[in-house]
Structures are given as structure tokens and as C-alpha cells.
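Me: I've got a model open and I'd like to go through the labels people put on it. Can you back each one up with a value and the rule behind it?

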2 protein chains.
Amino acid sequence: MNRDDAWSRLNEWMGTLADLDGAAAVLEWDRETIMPPGAAEARGAQLATLAGLRHRHLLDGSVSDAIDVVAGSDDPWQAASARIAVRERQRAERVPESLVRALAEQSSRSVATWADARPAGDVDAWLSEVGPLVALTREQAAALADGGDPYDALIDLYEPGTTYAMLDPVLADLAERVRPLVDALAGTGGPALPTGPWDEDAQMAISLEVARDIGFDERRGLVGRTAHPVTMGLGAGDTRLSTRVDVTEPLSCIMALLHEGGHALYDQGIPEERRRTLAGDAPSLGAHESQSRFWENHVGRTPEFWEALSPSMAAAFPEAAAGLAPADYVRALNRVERQPIRVESDEVTYDLHIVLRTRLERAIITGDMEVADLPDAFDAGLHELLGVTPATAAQGAMQDIHWAAGIFGYFPTYTLGNLYAAQLAEAAEAAVGPIGAVLAEDGPAPLLAFLRERVHGHGRVMETPELMRQATGSDLSADPFIAHLERTYSSTSSLS
Amino acid sequence: MNRDDAWSRLNEWMGTLADLDGAAAVLEWDRETIMPPGAAEARGAQLATLAGLRHRHLLDGSVSDAIDVVAGSDDPWQAASARIAVRERQRAERVPESLVRALAEQSSRSVATWADARPAGDVDAWLSEVGPLVALTREQAAALADGGDPYDALIDLYEPGTTYAMLDPVLADLAERVRPLVDALAGTGGPALPTGPWDEDAQMAISLEVARDIGFDERRGLVGRTAHPVTMGLGAGDTRLSTRVDVTEPLSCIMALLHEGGHALYDQGIPEERRRTLAGDAPSLGAHESQSRFWENHVGRTPEFWEALSPSMAAAFPEAAAGLAPADYVRALNRVERQPIRVESDEVTYDLHIVLRTRLERAIITGDMEVADLPDAFDAGLHELLGVTPATAAQGAMQDIHWAAGIFGYFPTYTLGNLYAAQLAEAAEAAVGPIGAVLAEDGPAPLLAFLRERVHGHGRVMETPELMRQATGSDLSADPFIAHLERTYSSTSSLS
């Protein structure tokens, strides 16, 4: 088979894969936004059928020769597609369909139990389902690892190219440097904004304005509203993001929009003509999160961003926003608190929650800890790292959906996103000037252009560590993130 | 293989088919309602991939034995599923995938050309694409017919169990009896309602009220808004209908809601536990249309329906509806006119448009007429049947999307729906009393209960002619429809 024929055959195979993934994303978007409650079971079956067909398609032996030929291509996009195809097929081969199915079924049961048991912090109920799920997940990790480190095999699902050995020293360094910052900053910032009411339609209208302003292309996507903000790629030309609306305060809506907007700009920045290939995507969740955090934290917390937005706020909320200055929004956003809930955490404390989870879940997967010991270990660890103790397991080990869903190895990607975002912000400042000044003079466009060139346009040609090394000039490091925290919070605290 | 094992195997196979159909319906609903314009190509590819997988799944040889065993079942639902499986697989075998693909591609091209060429009535442009499409459709018809009548083979796609030989005498009888009615009624009814503005949100709110009132279950579906009203079943527990909104008049919105509501009630009336089987659906488009026409014409044009709705109209549209009595709505709805556009036709003239199309498309498919002769034949036929001549081909042979999309054999199902609806209305009156009186006393519930028992609850166990024979006590006939027209229009015209 010559290389053109091989590439053409591989494209055909990848196109079907992209279509199945896009179709599943449409079904998921619909489920998150408008699906009637009675459809839940049927939708689950439809998604399971698509997943089964995807699995079978992944293992299609007739494309093997084409992959082998394309793997030797000197076109980096072609070679990357072949490399990812090999990896995806290897995963599919290693995890038997019976285990995939058992995981999906136990995960559904476990999530349902978690949702019921969490409010009361009913640890026994949670353990009764998450226990068997952990057993299956260990089995999956061992199958994927094929003799290697089982936790690395799970990280690899979300963050290919990164291992626990790479992560561990960076997380340790981060924790050590963040803890004194928390000591210095806890209780600073604020006060919160007045409780409104902040008109819900006006919040969505402002969100759309912000999305357009940062460069989101509405012809190739849309902005929706969901309980849990999300971004999805539904195929070429179809990137959707959502935000949430809380009538008592508008910052949650706008910050979620910026966060999801960062993901969406990444998705829209993948070259359209690559979208039906395996290389036409982001290389990892950490890379994706670097984009959401960039816009949320390095743009959305600047005084200049709020200088630009506050006339729109005043016009959209003539009563609720009356008398608020740009600095009021920034101060309300930059409040630092010791509290146990990850998703409600500020930018300073957030990563301590991740450090804890990463250590605990590694111990669970390697077998160094049993799941029954997780709740107590969680509470002890949170107290040690952050100086706060959860009142119940609902504020402790049971708070997140991830473990209840059998998702282990995912948490570290949040912190990778924070660190890479800070590295990118530093590189952007070197390239186009201080972010605040750029926003004040030219708006967000130069920042997007920088990210398009250094990150989005490369798709999945490189793994994330190499992509970020080329984009920022340095390896993964906590330095830029710590510097960002010190700079951002110096004005409102005893750091100054 | 014993019967239980065979039924279980067949269910597994049918479940995948149902999931693929449901997934495709979700993709289509999304496309019709919110899909961004840039996603059109990707969505087309996703739907084509799902269609290809469906085709391959249909032909899966490993289910043959199970189908054979279940075909002998004395459970009518099981036997019907096996019968339909045989038919669907036979169709898939007879039409090679290359022809399916060629039809889909040429249909896309032809529809795009039609959309561009229609406004100016550019017959040459239209013919340049619809000509090759007709050639492919003839090929498809011959393949499906396998030696039988090619037009019957196409009818069979939409209306299994009905042949042109059954249709032709009924359509001839219908045309002969409708034409004097048109002569007597043309120009009667009206006037139109005032042009408002009729608030768009209020129109959607009224639509939702009407949907709930006729028995639509919102837990298992939803009401949306589209340019072209549509009903879709997206799987068990997920029936969606849409209506259109015209700010200058509300009747188009409400009548479209009733029409689609009839389809939606049918879909929701299929027993949920049958939904993943081939028998768990309506047996034909004509059967489906009988339900939409029942609610639109036999309920929605009654004085009692408008008696009940007009307080809501007055409240929703305090200005636009001021001073309107129930009879004003009924009169505006029951205006009879000779005009060339099918979709704008009133209840009296509508079926003459269908009679014409049925005769013409049969001649095209059998080869008695060439597609180049269609525009002139259309104009001549419309003049002969209805006494009106289209000004351009945009009002003539080019007006509908069907032929431009390669859909032949579909048109007669509209008239079958009208005739079956009138037969059902007559049977309903015999069972529960005059429709107007029922509506006035008990609302729509007894009518829905009648349709649930006689039609919806039977799924696709019988073909439509037998289902309707059992439901109404008689074979397909124009008599009840003509009687309905005479009764409805006698009060407003020279018929009285």
C-alpha cells in the first residue's frame, strides 16, 4: 500500500470514528440541555450502543496496514494520527468489552447512589457501590498498564505523556509554596457583591457578549445554559459551551463563561480540515484546562477586564449593579478562604484540593490504600494541607462525582491546567506585553492570536509536555503560577 | 434455537436498530432547532455514518435464525416484529449500498439546487438535478419491486400494505366528489383574523397549553419551535413536536400544533415496553397522518374547540384578540380557495393537489412520462382538477421538496391520512358521541382514549388497511370524508 492510499484509508476509518464521537456529543449536549426526564433510559441505551460500535470500529483489523504505513510519514499531522490510532487501538485491545460494559454499568449505579447518599454524607451507602467500582477500575488500570504502573495507565487516558513521577515533585513543590500564601491571604478579598436579584436573561445576554468579545465564533457554535457548565465539540463547525445562572450573583455566570469560553476557543482553534483526524483535537485535558484557566484567571480577574465590562454590567443590571466599580468585581472574585469544597475554592487554595486527591487516588489504584479508609484519610489530609476539617463526608471524600463515577487519574489535570495557564500567561506577556495593558489597549484579540499560534493550531501533533515546552520555553513548573498568585493578591493582602 | 432464546436474540438486534434510529433522530431534531450553520457538513457526515451502520446492522446474517423462529410465534407482537425484520432486510438486500449512497448524494445536490432555483421557477436548473435523481429513483424502485410494480414498491416504503390498485379508484371517486364542493364553496369562509401583532411568546405558550390539553405528556417529550413544524420520536420517553410562529396571525401556530400534536399523541401511545421492537411504531405514514388530521381537522375546526380556547386567546393577546368570538376563528380557518400551493390549501381543496401528484409521480416512476414533461403536465393537471393555473413553476411542479429529494410514493399518504381521519372520526362519534358535544362536556380525553384503544395501542402489529378496518369497521373509503366536508361547510355556504 502506498502512502497516499494508506492515508486515504486511515482517513476513512478516522472519519467514522469522528462521526460516532460527534453523534455521541450531540446526544450528550441534548441530554444536558433539554432532554425530557422520561428519555433517560433510552438515551443511556443509545449512548451505550454508539460506544459499543465505536469499540468495534476501533478494533477493525482492516485498517492495520494503513496505520503502519502512515506511521512512517514525515508529515507530522499524519504521523500523529497514526500514533494516536495505535494507542487507542491498544487500549481497546487491552480492556475486554465485558470489562468496559461492567465499568459502565457499575459506574451508573454508583453515580446514582452517590447522588442519593451525598447530601446526608452516608459513607456506607457510598462505599457499597464505589467499592466494587474501585475493584473494576483497578482491573482496568492493570489491563491498560500491561505490567507498568497502574495509576500512570489511568493518567494516560486523560493526560498522555505525563506520569506520576513527573507530577509528584511539582505537586510537592506547589503545596509547599501555596500553604504560606494561604496563611497570609485567608480571609482577604471580598466583600461579595450585593445579592441582586441579577436578571437571569441579562446574565445570559452578558455571557454571549463576553463570548463574542473573547473571539468565540457563533457561526460555528452556540452558547447554552446548564446546571453544570460544560463545553463540547460536536464535530467540525459545532463547538458548544454553556454557563450557569444564579439570580443572586452574576460572577459565577461570567466566570463559568470565561472558563468554558477558553475550552471553546481551543476547540474552534483546531484547524477545521484536521477535525476528522485523530490529530485534530487537543492532546490532553491538562492542555484544555490551561486554556479555560487562562481566560478565567489571567484575563477574567484583571482590573482591565472589569473596566471594559462594567459599562455593560451597569446597563444590563441598572438596579443590582448600581454604584459598583470595576474594583468591586475584582475584589469579590479574589476572596481567599479555607473551606472544604473544591468547586467553590478560590484560585489560591484550589490546587491544595487537587494535591490531596491525586495522592489519595494514586494510593487507591496502586492498592496502598483501601477505599474504606478513604473518608478518614481525606479528612486528615485536608486538615493537614488546608487547615480545615469537613463537617461530614458530603464535604469530604464524597463531595466530587469523579470517584463515584470510577474516574481516577483525572484530578491532576486540573492543576496541570493551572500551571500551564500561568506558564502561557508569562509567555504571552513576553510576546505581546502585560495582559492588563493588552486588554486595555487592544482587547482580547492579541491574546487569542498568541494562543492560536502557540497551542490551538498544533492540534494533537505533540503530546502536552512537548507542546507546552515549545509554547512557553520551559518544562512544567509551579514558578509562574506562584508568581501570578503573589502578583494578583499582593494588592489586597499582607503580601504587599 | 428455542423461541425464548430467539426472541431474546431478536430483541438485542432490534434494540441496536432502535438506538441507531433514536440517535439519528436526536441529530435531526438538533439540526432543525438549534444547530449552528457551520455544522451542516459535519452533521451530514454523522447522519450518513449512522445510516451506513444501520444498513450493515440490518444485513447482519447472525440474526436470521432467530427471525425465522420468531416468525412462527403466536404472540402477534413477536410475529409482527419478525415480519417487519424480514421486510426491512429484504429491502436492504435488494438496494445495494452504492445505490443508497448515490441516491443520498444526488438527493442532497438536488435539494440544494431546488432551494436556489425555486424562487425564480428556474425549471432548467431544477431538471438538471432532479432528472438524474429520477433515474436513480427508478433504479431503486425496480430493485425494490424485484419484478413487481415499481411505484407500488415505493409506496410500500411509506405505506406498506397499500397498492396503487387500491388507491386509484378511491382517489378517482374522491376527486369526482370534491370538485363540485369546490365549485360551491370557493370564496366562502373568512375573513382572515386581524394581523396583530400576535405576541410570539404568547403563541408558544398557547401551543403548550393546547398540547397539554389534548393529552401530550411533557415528562416524555417536549414542544419546540421550527420554521417547518415536525414531530419526531427520539426513543422511548422522548417524543418531540414543533410548531411555527407567524407574528401576523396565530392560527398557523395553533393548527400546526394540533397537527403535530396528533402525530405526537400517536407516538406517545405506542406501548413503552414495545418501543425497542420493530412492531413498536406506527404501521405507515398514512396511519400517522390520520392522527394529525384527526386533531387538526375534526377537533381543531369545531366551534366547541374554539369556545374552550377563546378565553385563553383573549388573555394571551389582550389587544390582537380583542372582540374576537369563537366563530371568528372557525370562519377564518374554514376559508375555501382555488390556489396553486398545496401547503397553503384548505381542507376542501387539499386532496385535489394530492390526486394530481399521485398520478404524475406514478407516470414518472413507471416510465410513462419523462421528468422534462412534468412541469407542463402539472400545470395542465392542476387547471383541470382545480381550475387554477400556476403563474410559474415555483407555484407548479417545483413547489414541493419531495420530488427534489427523490421522494416518490409519499404524497398519497397525505390523502390516506385525511380519509382515515374521517373514518376514525365517524367511528369515534359512534363510540363516544358527537365530537363537538364530547369536547364541550368532557374535553379531548374521551377522543384520545378512543384513539389509544383503536389505533395507538396496536403499534405495527397489523398493516394499516387491516388496522383501520378493525378500528373503523370499514375499508378505505372517501364517504366519511365527503360527509365531513358537507357537514363542516354547510353552515357557511351554498351547500346548506
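Reply: Sure, starting with a rule for strands: two strands pair if DSSP finds at least two bridges between them. Keep in mind that this is a predicted model.

Me: What makes β1(B) and strand β3 of chain B a pair?

Reply: At least two bridges are needed, and β1(B) and β3(B) (residues 239-243) have five, in the parallel sense. So the pair passes the rule. One bridge to look at joins B:G224 to its partner B:S242 in β3(B).

Me: Why do β1 and β2 of chain B count as edge strands?

Reply: The sheet is open, with three strands in the order β1-β3-β2 (chain B) and mixed pairing. β1 (221-225) and β2 (231-233) of chain B each have a single partner strand, so one side of each has no neighbour in the sheet. From one strand to the next, the twist averages 15 degrees.

Me: Which helix lies across β1, β2 and β3 of chain B?

Reply: That's helix α1 (residues 3-33) of chain B, which runs at about 150 degrees to β2(B).

Me: Why is α8(B) called oblique to α14(B)?

Reply: Helix α8 (residues 164-185) and helix α14 (residues 350-366) of chain B pack at about 140 degrees, with axes 10 Å apart. Roughly antiparallel needs an angle over 145 and roughly perpendicular runs from 65 to 115, and the rest is oblique. The angle of about 140 degrees fits neither range, so α8(B) is oblique to α14(B). As for handedness, the crossing of α8(B) and α14(B) is left-handed.

Me: Which residues of α8(B) and α14(B) meet?

Reply: From α8(B) you have B:Y164, B:L167, B:L171, B:L174, B:A175 and B:V178, and they meet B:D351, B:L352, B:V355, B:T358 and B:R362 of α14(B). By class, that contact of α8(B) with α14(B) has eight nonpolar residues, one polar and two charged.

Me: What makes B:Y164 nonpolar and B:T358 polar in that count?

Reply: Tyr is on the nonpolar list, so B:Y164 goes there. Thr is on neither the nonpolar nor the charged list, so B:T358 ends up as polar.

Me: How many residues does each chain bring to the contact between chain A and chain B?

Reply: Chain A brings 33 residues and chain B brings 33 residues. On the chain A side, α1 (3-33), α2 (40-58) and β1 (221-225) each supply at least two. α1(A) gives the most, with nine residues. The classes on that side of chain A are 16 nonpolar, nine polar and eight charged.

Me: Where do the domains of chain A touch, and which helix of domain 1 gives the most?

Reply: Chain A is divided into domain 1 (3-148) and domain 2 (149-496), and their C-alpha centres lie 25 Å apart. In the contact, 40 residues of domain 1 of chain A face 37 residues of domain 2 of chain A. On the domain 1 side, α6(A) gives the most, with 14 residues. The residues on that side of domain 1 are 25 nonpolar, eleven polar and four charged.

Me: What backs up the cis label at A:P191 and B:P197?

Reply: Omega does. The bond joining A:G190 and A:P191 is cis, with omega about 0 degrees, and A:P191 is in the loop between α8 (164-185) and α9 (200-214) of chain A. From B:G196 to B:P197 the peptide bond is cis too, with omega near 10 degrees. B:P197 is in the loop between α8 and α9 (200-214) of chain B.

Definitions and conventions. Residues are numbered from 1 along each chain as its sequence is written. Chains are lettered from A and ligands numbered from 1 in the order in which they are written. This is a predicted model: local features need pLDDT of at least 70, side-chain atom pairs count only at pLDDT 80 or more; totals for chains, interfaces and linings use all residues. Axes are lines fitted to C-alpha atoms, for helices over the stretch in contact, and angles run from 0 to 180 degrees between N-to-C directions. Helices (H or I, at least four residues) and strands (E, at least two) are DSSP runs, numbered from the N terminus. Angles under 35 degrees count as roughly parallel, over 145 as roughly antiparallel, 65 to 115 as roughly perpendicular and the rest as oblique. A crossing is left-handed if the near helix is turned anticlockwise from the far one by less than a right angle, and right-handed if clockwise. Two residues are in contact if their C-beta atoms, placed from the backbone, lie within 7 Å. Domain bounds come from an automatic or database domain assignment.
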